[in-house]
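Student: I would like a close look at a single part of this model, followed by its setting. Please treat the pairing of one sheet in detail and then turn to the partner chain.

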Amino acid sequence: MRRKDDRGHRWTDRGVERAVIKIVRRLSPGFARKRITKKTRLHTDLGWDEWYVLRVVKPIRVTLHETLEDRVVLKIRTVGDLVRCVWDGMESVG
Amino acid sequence: MKAALAALLLAANAAAQEPSDLRRWELLVGHSYSSPRAMLQPATLTLEKVRGSPLYSVIDAGALLRGSLGSRMWLETGVRTRAGSARPRSQRVFGAMARAYRELDPVLLAVGAEYEADGGFDVQQTAGTAELTPLGGPPGLGTWVSPGVRLRWRPWIGVAAGGDVRPYARLSADWASGRVEAGVEGTAWLVHGSGRSFIKGDVSVGLGGGLFVTASGEVGRPPPRYERTGRMGLGLGFRLAPAQ
């Protein structure tokens with residue numbers, strides 16, 4: 001299945017997942033890369049406080065061309081939730 | 001049949017986590033609204049009994065209502081109290097505030113207004129405030145240092161302007177291991193050219209259901225009177241923090 005981001009670039013669900021996990025890994029330099037998966041909890045496992053989680057907004061806008069609302073990002077609990085938010089924001093390709 | 005049921009459950013779960021289903025407003029209850037760190041610290045009720053004297057109480061509690069104002073902005077409004085019969089009236093504090101946040105990656109800006117009064121409402125002050133914190137940066141800023149070192153910290157700088165102008169800086173740090181949490185928060189103000197500071201900390205053990213046994217302490221000169229205070233206590237704590 002493929003979807004289009006806001007600039008018309010096409011993404012697969014696996015591609016979105018890989019890109020989001022890469023962003024989260026870059027924001028968690030003290031953690032082993034393999035520890036960060038879709039199931040990783042941002043607050044509980046990585047210890048992100050409620051403001052640190054907002055750091056995902058800019059790289060997602062730059063890399064995946066999707067603009068997430070702060071109120072949505074503030075309530076995201078897992079990497080999987082973040083992947084789903086980005087994927088849901090993309091447009092289905094007929 | 002099983003596959004269809006599994007697909008239905010999966011779809012229902014996905015729908016339940018749709019961003020459009022997120023509540024626009026949420027209520028948090030904690031130690032104080034003065035900072036996110038203080039909001040995560042449990043609200044406490046401590047009872048003190050010394051032979052020959054009545055039963056004294058110490059209450060530290062705050063509540064915060066938070067909601068969205070737009071894609072990059074949100075609003076908080078709250079009330080707080082530092083009260084109880086163990087504190088002299090001059091050292092009790094009642095406060096209320098409204099604050100709007102604007103995310104400007106790499107920093108977060110908070111602009112608000114706060115009312116504070118002492119226990120007798122003899123000293124009352126209303127001030128506009130502006131605060132800044134970096135979203136991230138050096139190791140431990142806003143996130144655990146590492147999986148083995150569950151310590152994080154966050155600095156704020158700000159200014160309060162009411163009857164006078166008071167620049168201030170705040171540093172908070174917290175640590176967690178299993179059911180045990182500990183935190184400390186220090187604030188320093190420049191009032192009429194001289195410094196005032198106030199530090200409070202706590203160690204809490206979670207009992208489940210948002211309840212904690214909490215040992216807390218404080219020392220320094222908190223607003224609005226900036227009167228010297230210092231105490232330690234052990235009591236019952238409660239926290240309601242949906243986002244965490």
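**A sheet in chain A and its partner chain**

Tutor: In this predicted model, A:R3 stands opposite A:S92, a residue of strand 3 of chain A. The two strands concerned, strand 1 (residues 2–4) and strand 3 of chain A, pair in the antiparallel sense over two bridges. Strands of a sheet pair through backbone hydrogen bonds, either parallel or antiparallel. In chain A, this pairing belongs to an open sheet of three strands with the order 2-1-3 and antiparallel pairing. Its edge strands are strand 2 (10–12) and strand 3 (91–92) of chain A, each of which pairs on one side only.

Chain A also meets chain B: 26 residues of chain A are in contact with 28 residues of chain B. On the chain B side of this interface there are twelve nonpolar, nine polar and seven charged residues. For the model, ipTM is 0.87 and pTM is 0.80.

As for chain B itself, its secondary structure consists of two helices and 13 strands. The chain has 244 residues, of which 30% count as buried. Among its contacts with a separation of 6 or more, 45% join residues 24 or more positions apart.

Confidence varies along chain B. Its mean pLDDT is 84, and 85% of its residues reach 70 or more. Among the elements of chain B, strand 8 (residues 151–161) has the highest mean pLDDT, 95, and helix 1 (residues 2–16) the lowest, 44. Over residues 4–20 of chain B, pLDDT stays under 50, and the model has eight contacts beyond four places in sequence for that stretch.

Note on methods
Residues numbered from 1 in each chain as written. Chains lettered and ligands numbered in written order. Predicted model: local features only at pLDDT ≥ 70, side-chain atom pairs only at ≥ 80, totals over all residues. Pairing = 2+ DSSP bridges. Helix = DSSP H or I, 4+ residues; strand = E, 2+ residues; numbered from the N terminus. Buried ≥ 20, exposed ≤ 12 C-beta atoms within 10 Å, placed from the backbone. Contact = placed C-beta atoms within 7 Å. Nonpolar A, V, L, I, M, F, W, Y, C, P; charged D, E, K, R; others polar. pLDDT = per-residue confidence, 0-100.
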